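User: I am new to reading structures of this kind, and I would like to be taken through a few features one at a time. Could you give me the general idea in each case and then show me where to look?

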Amino acid sequence: MIDVFSLLTLPTTSTAFTALKSSVTETFDGSASPRRKVARLDTDSDIASASRSNHMHLQSPIKLTITGEDLTKISEKDAQSKLLRNLTLLQRSIRIVLTLLEDSGSNDPREALPTSYEGIYAACRFVVAVANRGEDLYDRLRLELEQSVSRLASSLATKEVIVQEMEDKDHLPVVWLSTFVANCEWFEKKISLLVSLLTYLDQVYVIGNPKLVNIRTLAYSLFSERIFGNPQVQLRLRTGVSEWVNYERKFRMAHSRRPEIPKLIVHLTVHNQYHAFEAFYIKITREFYTAEATELSQSMTSNARRFFGHIIVRIEEEEQRSKDLLPVGSWNIVRQAVDECIWGGRLEWLANNIVGLYVENKDLVSLGTMYRLFKRVDGVKFLIKAFRADALKRVQGIVKDEKDDDKMVERLLEFKRLADDIITTAFLDEKASLSSSAITTQPNNEFIYALGDAFTTGFKARRNKPAEMIAKYLDRIMRKGQGASTDMEFEAILDSALALYRYTEDKDVFRTFYHRSLAKRLLLQRSASDDFEVAMLKKLKEQYDPEFGMGEDMFKDLALSRESVKEYHSKLNVSNPGHKLSVMVLQRSAWPFTVQKTSVDLPLNMQDDLMAYANYYKERHSGHTLDWDHALGTATLVGRFKPGNKELSVSLYQAVVLLLFNIETEWRYIDILEQTRIDPEELNRVLQSLACAKKKVLKKIPPGRDIDENDVFKFNIDFDDPRAKVHINSIQAKVSLEESRRTNESIEGDRKYYLDAAIVRIMKARKELTYEQLKTATIDAVKSHFVPTIDAIKKRIDALVEGDYLERSPDDKTKFLYVA
């Protein structure tokens with residue numbers, strides 16, 4: 001029977017009361033209202049009760065009868081006897097609760113208990129709260145816990161594993177984990193039951209004794225000490241975990257007992273043993289991946305790409321296993337362990353052997369994965385080095401390919417676009433935005449610097465040539481024009497070529513070739529757009545090289561020439577053939593042409609027209625001298641062929657040769673040379689363009705592409721073309737190999753003057769310098785034009801010493817003195 005004191009003094013933190021059955025008798029007199037859990041002796045003792053009673057329509061008060069033993073009337077002897085009985089009852093109950101199911105012989109331990117849960121709870125209250133003998137109960141509880149845990153430890157350490165499935169026979173250590181998990185669940189459940197039943201021991205006695213720990217802590221500490229401290233249990237636990245995880249890693253599939261692992265981790269966490277498990281898990285992880293990576297790297301020495309692909313899959317598998325089974329805090333720890341074992345000492349080998357393959361295949365996804373993984377182990381520096389080496393190799397290969405010089409810039413631009421895409425797509429770093437919580441990405445600048453360095457170094461593989469070819473590429477683009485492209489798209493094409501120009505150190509080479517090409521485009525009217533020409537010169541002057549300001553004078557000369565010719569035509573008679581003449585008067589300082597050493601015999605009518613204009617010009621500008629340069633002249637002729645007349649647009653040299661065939665229809669090479677007095681090399685190019693190209697207005701006898709002194713040329717009366725106006729390409733309209741050679745020789749000559757002027761200027765200001773100091777100062781002085789070789793500087797210093805501009809110090813031969 002439960003006494004009223006137990007009912008009225010139940011601790012609020014207890015849950016044991018939920019197991020008690022009510023022994024309160026309620027009496028209702030004809031009321032149909034539902035029963036209430038709270039009994040009242042006086043239904044109108046407060047406002048709330050009165051209100052409820054009005055709704056219940058009770059006709060008489062509820063009567064509550066409580067029966068039980070009056071403890072105030074019990075003798076001391078009886079009290080001691082009762083205490084002993086209760087202690088014995090409690091100890092026996094604790095022992096039965098802590099008895100394993102298989103040892104108890106019953107499926108439900110409550111059947112073996114000497115009393116109900118209510119009785120155990122009441123006995124605990126009596127011992128602790130009434131008799132004040134909590135110490136005795138606590139000691140007996142400790143004893144029973146020690147015995148129970150010891151039995152459990154012995155069972156886990158020695159008991160054989162019984163399996164039901166044949167497949168489990170090969171995995172007994174893993175099956176044992178299931179047994180271990182089941183025992184942990186059983187023990188924790190029993191301790192929870194004891195905590196509820198012995199609430200008074202925890203809430204009254206233990207709280208009053210700070211040196212003691214509560215029931216759960218006591219039980220778990222004994223469990224940790226006896227179970228996890230048992231070497232045999234520990235060995236079986238580690239063996240089971242090791243066999244489970246190695247099975248999954250070896251066979252690349254989930255173990256049938258995998259669901260037990262999260263449960264195991266929960267119990268390990270409850271008993272503060274997870275850190276030990278984590279350390280062991282990391283240890284076997286390191287051992288496995290160290291051994292596997294070593295074996296695979298040795299067997300795949302020549303196939304780093306396959307090794308990398310395997311590693312990616314391994315990392316993904318391990319990350320997924322961690323997410324499926326381990327706490328969040330362990331994910332990064334496991335990942336770091338796997339990364340260190342897999343990548344250790346192999347980053348440089350992988351980067352050197354894989355980056356080039358991925359770049360070749362344009363595999364940006366794999367490069368991005370590689371960057372992300374390398375970044376986790378501080379291996380980006382190897383990726384940068386490999387990326388630079390591969391880019392340098394490709395740039396040098398393109399630059400050194402002399403057979404494909406005409407496509408050099410297109411190939412460089414194609415690779416540059418690919419490299420830029422790789423950097424902006426694969427090599428990205430996350431960056432937190434200052435204005436918002438959004439995460440943005442930006443390319444790693446180290447790769448941008450590496451790419452720039454690769455291009456700069458690669459261009460040195462053939463000094464001067466990249467700069468020359470960039471200028472020629474821009475010349476082709478400016479001749480072709482934008483076509484169907486928008487202004488913005490065409491400007492982007494030009495900017496991409498100028499981006500390559502930034503990498504060359506031979507600024508003077510680019511400037512010279514671009515200057516010559518621009519002059520020919522303007523004089524031969526081959527430029528697609530004067531507006532783009534002006535805009536291009538402005539950009540080159542403002543952003544790249546101030547000396548590109550010479551283009552302004554060129555356009556000024558053309559404008560003045562057009563006005564002068566227009567005024568000249570206005571003074572001629574309408575029938576005067578001089579109306580067909582167009583002359584461009586150019587300042588020699590603004591145009592990149594030298595004085596012609598040879599001349600050409602023009603037809604008399606042409607000579608008369610030129611003389612008439614020369615006289616007119618001298619009248620207007622008495623102090624000026626005109627030197628005629630026919631190499632860039634053009635003419636328009638009408639050819640009368642059998643299929644029909646054609647308007648031929650040709651160079652002046654081509655026109656002079658073609659006009660000879662008005663006199664005779666057949667000429668020998670020697671006779672043409674004598675009649676025109678054109679330079680033999682130039683004449684060869686002219687005849688090739690007229691008789692050996694696609695549009696053959698002359699016939700060469702014998703046929704062939706090479707011109708010989710014994711060749712004979714005939715007018716091709718059968719020439720035909722679908723167009724009424726036919727433009728015959730002239731070799732002079734392009735930069736020939738010979739002209740390139742002469743231009744480069746001219747540049748080298750100019751460089752000597754640049755170096756001489758720079759050295760003298762430096763020495764005049766400093767008076768005395770060592771060779772190393774003078775060399776460094778000279779490079780700094782001319783680097784905006786070109787970067788000289790050390791040998792070139794040394795030769796110019798020696799030449800200046802011989803010319804008495806400098807002298808060696810008599811006291812120190814490494815020093816040079818300025819000679820005033």
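User: How many salt bridges does a search of the whole structure find?

Analyst: Please keep in mind that this is a predicted model. The idea is to look for a side-chain nitrogen of Lys or Arg within 4 Å of a carboxyl oxygen of Asp or Glu, and a search of the whole structure on that basis finds 55 salt bridges. Some of these are joined up, since Glu248, Arg249, Arg258, Glu318, Arg321 and Asp324 are linked in a network of salt bridges.

User: Where do aspartate 791 and lysine 795 lie, given that they form a salt bridge?

Analyst: The general idea is that an α-helix has 3.6 residues a turn, so residues three or four places apart point the same way. In this structure, aspartate 791 and lysine 795 both belong to helix α31 (residues 790-802), where they are 4 residues apart, about one turn of the helix, and their closest N and O atoms are 3.4 Å apart. Aspartate 791 is partly exposed at 46% relative accessibility, while lysine 795, with a relative accessible area of 53%, is exposed.

User: Is lysine 700, which forms a salt bridge with aspartate 711, buried or exposed?

Analyst: The cut-off to use here is that buried means under 20% relative accessible area. Lysine 700 has a relative accessible area of 9% and is therefore buried, and aspartate 711 is likewise counted as buried because its relative accessibility is 3%. The closest N and O atoms of their salt bridge are 3.3 Å apart, and the pair links distant parts of the chain, with lysine 700 in strand β6 and aspartate 711 in the loop between β6 and β7, 11 residues apart.

User: Which residues form the covered face of strand β6, and how does β6 run relative to β7?

Analyst: A strand can be read by its two faces and then by its partner. In β6 (residues 698-701), Leu698 and Lys700 make up the covered face, whereas Lys699 and Ile701 are on the uncovered one. Strand β6 is joined by 4 bridges to β7 (residues 712-715), and the two run antiparallel; within β7, valine 712 is the bridge partner of isoleucine 701.

User: How far does helix α18 reach from its first C-alpha to its last?

Analyst: One way to read a helix is to compare its reach with what is expected at 1.5 Å a residue. Helix α18 (residues 408-425), with 18 residues, reaches 26 Å, close to the expected 26 Å. Its buried residues include Met408, Leu412, Phe415, Ala419 and Ile422.

Note on methods
Residues are numbered from 1 along each chain as its sequence is written. This is a predicted model: local features need pLDDT of at least 70, side-chain atom pairs count only at pLDDT 80 or more; totals for chains, interfaces and linings use all residues. Side-chain values use heavy atoms; hydrogens and water are left out. Buried means under 20% relative accessible area, exposed over 50%, partly exposed in between (1.4 Å probe, protein chains only). Two strands pair if DSSP finds at least two bridges between them. The expected span of a helix is 1.5 Å times one less than its number of residues.
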